[in-house]
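User: I'm new to this structure and would like a close look at one part of it. Could you take me through it slowly, in plain words?

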Amino acid sequence: MMTQNTRAVTDWLASAHHVPAQARREFDVGIALVPTGEKFDAIRLPAPVVHAAAGSQDPDAVASFLAEVLKDGAVIHDAYGVGVWYYALVPPGTHTHWQVTGVECLRPGTWLGVPRVDLTARPGPHWALPPRTVGIVCTAHAVADLVALGRTPEPERTP
C-alpha cells in the first residue's frame, strides 16, 4: 500500500512525462521511461567513480554514503548490462552549466528509466537513494564534489 508521501513523489516523477498516466502505468510494472529537463536533469555517474568515493561497492555502504553526501537528493542505480551507472537527479537547467569533464549531464528530453519509488534493491535499475519528498533533488555542486572525491587517487601507503 502506498503512503500519501510515496504517492505524491510518484505523481511528481510521473508529471515529468508528457502523459503522466502512462508513466503511472509503467511504475505499476516497475520502471517508467521519463524525459529529463522539465522536473529534473540527471547526471550520469560511472559506478567506479561512485564506489571509489564511497570506499565500497557494497550497496548498503554506497547508499549510506550517498545519503550523507547528497543529503535529501535522489540517485538511481542502473545495474543492468556492462556499463553500470548511477544517475543523480539534479535541478532542471543543470545541463546548461555542468562542466565536469567526462561526466555527462543528460540533455533535456533524454528518456531515463526511473524506478518505482519503492524499488531500492537489485535486480535491475533501482533507487540507491530514493526521493523522499516532492521536488527534492541533489545539488549539482554536491554531485561535482562526489566526482572529485571519487577521482582522487588514494595516497600511497608506505611500509
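Why is there no bond between the sulfur of Cys105 and the closest cysteine sulfur? Once that's clear, please show me how the surroundings fit together.

Analyst: Happy to. Keep in mind that this is a predicted model, so everything here is computed from it.

Let's start with the cysteines. The cysteine sulfur closest to that of Cys105 sits in Cys138, and the gap is 11 Å, which is too far for a bond. To count as a disulfide, the two sulfur atoms would have to be within 2.5 Å. Looking from the other end, Cys138 is in no disulfide either, since its nearest cysteine sulfur is that of Cys105, again 11 Å away. The tally for the structure is zero disulfides. Both cysteines are tucked away, though: Cys105 is buried at a relative accessible area of 9%, and Cys138 is buried at 0%. "Buried" here means under 20% relative accessible area.

Now for the setting. The protein chain has five helices and seven strands. Starting at the N terminus, the order is α-α-β-β-α-α-β-β-β-β-β-α. Its radius of gyration is 16 Å, close to the 15 Å that the globule rule gives for 159 residues, so the chain is as compact as a globular protein of that length. The C-alpha trace spans about 60 × 35 × 30 Å along its principal axes. Of the 159 residues, 42% are buried. If you take the contacts with a separation of 6 or more, 73% of them link residues 24 or more positions apart.

What about the outside? About 8,600 Å² of the protein chain is exposed, and carbon and sulfur atoms supply 55% of that. The chain carries 12 positive and 15 negative side chains, with the centres of the two sets 4 Å apart.

Back inside, helix α1 is a good place to look. It covers residues 4-14, and its buried residues are Val9, Thr10, Trp12, Leu13 and Ala14. These pack against α2, β1, β4, β6 and β7. Take Thr10, one of the residues of helix α1. Its relative accessibility is 7%, so Thr10 counts as buried. Setting aside neighbours within four places in sequence, Thr10 is in contact with Met2, Phe27 and Val117.

Helix α3 is another one to zoom in on. Six of its eight residues are buried, so α3 is largely enclosed by the rest of the structure. Those buried residues are Ala47, Val49, Val50, His51, Ala53 and Ala54. Their cover includes β2, α4, β4 and α5. Right after α3 comes Gly55, with a positive phi near 70 degrees.

Next, the strands. Ile76 is in strand β3, which takes in residues 74-78. Ile76 is buried, with a relative accessible area of 1%. Leaving out residues up to four places away in sequence, Ile76 touches a long list that includes Trp85, Tyr86, Tyr87, Leu89, His126 and Trp127. Leu112 is also among the residues that Ile76 touches. Those two are 36 residues apart in sequence, and their C-alpha atoms are 9.9 Å apart in space.

Leu112 turns up again in the story of Thr36, a residue in the loop between β1 and β2. Thr36 may be in a loop, but it is buried, at 4% relative accessible area. Beyond residues up to four places away in sequence, Thr36 touches several residues, including Leu106, Arg107, Pro108, Gly109, Thr110 and Leu112. Asp41 and Ala42 are on that list as well.

Finally, have a look at Trp111 in strand β6. At 44% relative accessibility, Trp111 counts as partly exposed. Not counting residues up to four places away in sequence, Trp111 touches His17, His18, Leu33, Val34 and Pro35. Gly37 is 74 residues from Trp111 along the chain, yet the C-alpha atoms of the two are separated by 9.7 Å.

To return to where you began: Cys105 and Cys138 are both buried, but their sulfurs are 11 Å apart, too far for a bond.

Definitions and conventions:
Residues are numbered from 1 along each chain as its sequence is written. This is a predicted model: local features need pLDDT of at least 70, side-chain atom pairs count only at pLDDT 80 or more; totals for chains, interfaces and linings use all residues. Side-chain values use heavy atoms; hydrogens and water are left out. Buried means under 20% relative accessible area, exposed over 50%, partly exposed in between (1.4 Å probe, protein chains only). Helices (H or I, at least four residues) and strands (E, at least two) are DSSP runs, numbered from the N terminus. The radius of gyration is taken over C-alpha atoms; the globule rule is 2.2 Å times the number of residues to the power 0.38. Contact means heavy atoms within 4.5 Å. Accessible areas come from the Shrake-Rupley method with a 1.4 Å probe; for residues, only the protein chains shown count as cover. Lys and Arg count as positive and Asp and Glu as negative; His and the chain ends are not counted. The place of a charge is taken as NZ of Lys, CZ of Arg, CG of Asp or CD of Glu.
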